[in-house]
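The following note is offered to a colleague who is meeting this structure for the first time. Please read the points alongside the sequence and the model.

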Amino acid sequence: MTMPYELVVNGVVHPVDAAWLGESLLHVLRERLGLPGAKTGCEQGECGSCSVLLDGVLVCACLVLGAQAQGRDVRTVESLSDGDRLHPVQRAFVESGAVQCGFCTPGLVVATYSLLTRNPEPSDHEVREALSGNICRCTGYGKILEAVQRASIAMYRR
Ligand code: FES
Ligand code: FES
């Protein structure tokens with residue numbers, strides 16, 4: 001069944017025309033709205049590459065139907081940078097060398113942003129717990145943990 005609806009993504013209202021109601025939010029973001037920041041990995045809620053914020057809560061966009069996000073506030077990684085100016089979390093990932101192939105990075109950046117807005121100075125254990133739903137095949141995670149602490153300093157402890 002198809003039906004047009006609207007989504008508010010990064011503060012902008014987007015019409016979603018004639019979408020099949022079974023399409024995931026991830027598919028709608030990438031294929032219909034031209035927002036490819038959230039990445040398509042497992043499509044089973046296992047890898048975290050598709051992480052977005054839904055009403056401020058971190059979710060896997062592959063597990064939410066696009067139609068379910070109507071009337072809610074969807075934030076993607078695209079909302080974090082200000083034009084060419086990277087968000088402190090994004091900058092911290094670059095400066096820490098936490099980006100290799102980069103496939104996991106948008107999801108990790110959104111998950112880190114979500115963590116640091118709830119908990120400005122997380123412990124190492126809290127960081128590991130918060131990012132446990134985001135899989136990276138390249139970095140071995142050490143640089144990612146470093147990036148989170150660097151972002152925390154940049155955002156709150158200058
Ligand atoms: S693509 Fe959504 S969790 Fe892997
Ligand atoms: S940098 Fe390649 S999967 Fe994380």
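**Notes on the cores, helix α5 and serine 96**

1. Leucine 29 is in contact with Val9, Gly34, Leu35, Val52, Ala61, Val74 and Thr76, leaving aside residues up to four places away in sequence. It should be kept in mind that this is a predicted model.

2. Leu29 also appears, with Leu7, Leu25 and Leu33, among the residues that have the most contacts inside the largest nonpolar core, a set of 23 residues. Two or more residues of this core come from each of β1 (2-9), β2 (12-20), α1 (25-32), β3 (51-54) and β4 (57-60). Helix α1 supplies the largest share, 4 residues.

3. A second core, separate from that one, holds 22 residues, including Ala111, Leu115, Val127 and Cys136. In general, nonpolar side chains tend to be buried together in soluble globular proteins.

4. Helix α5 covers residues 142-156; its 15 residues should span 21 Å at 1.5 Å a residue, and the 22 Å between its end C-alpha atoms agrees with this. Its buried residues are Ile144, Leu145, Ala147, Val148, Ala151, Ser152 and Ala154. The cover over these buried residues includes α2 (88-95), α3 (105-118) and α4 (124-130).

5. Serine 96 lies in the loop between α2 and α3. Is serine 96 buried or exposed? Its relative accessibility is 4%, so serine 96 counts as buried, the cut-off being under 20%.

6. Apart from residues up to four places away in sequence, serine 96 touches Lys143, Glu146, Ala147 and Arg150. With arginine 150 there is a polar contact between the two side chains, at 2.9 Å.

Terms used
Residues are numbered from 1 along each chain as its sequence is written. Chains are lettered from A and ligands numbered from 1 in the order in which they are written. This is a predicted model: local features need pLDDT of at least 70, side-chain atom pairs count only at pLDDT 80 or more; totals for chains, interfaces and linings use all residues. Side-chain values use heavy atoms; hydrogens and water are left out. The expected span of a helix is 1.5 Å times one less than its number of residues. Buried means under 20% relative accessible area, exposed over 50%, partly exposed in between (1.4 Å probe, protein chains only). Contact means heavy atoms within 4.5 Å. A nonpolar core is a set of buried Ala, Val, Leu, Ile, Met, Phe, Trp, Tyr and Cys residues joined through side-chain atoms within 4.5 Å. A polar contact is a pair of N or O atoms within 3.5 Å; within protein, one must be able to donate a hydrogen and the other to accept it, and residues adjacent in sequence count only if both atoms are side-chain atoms.
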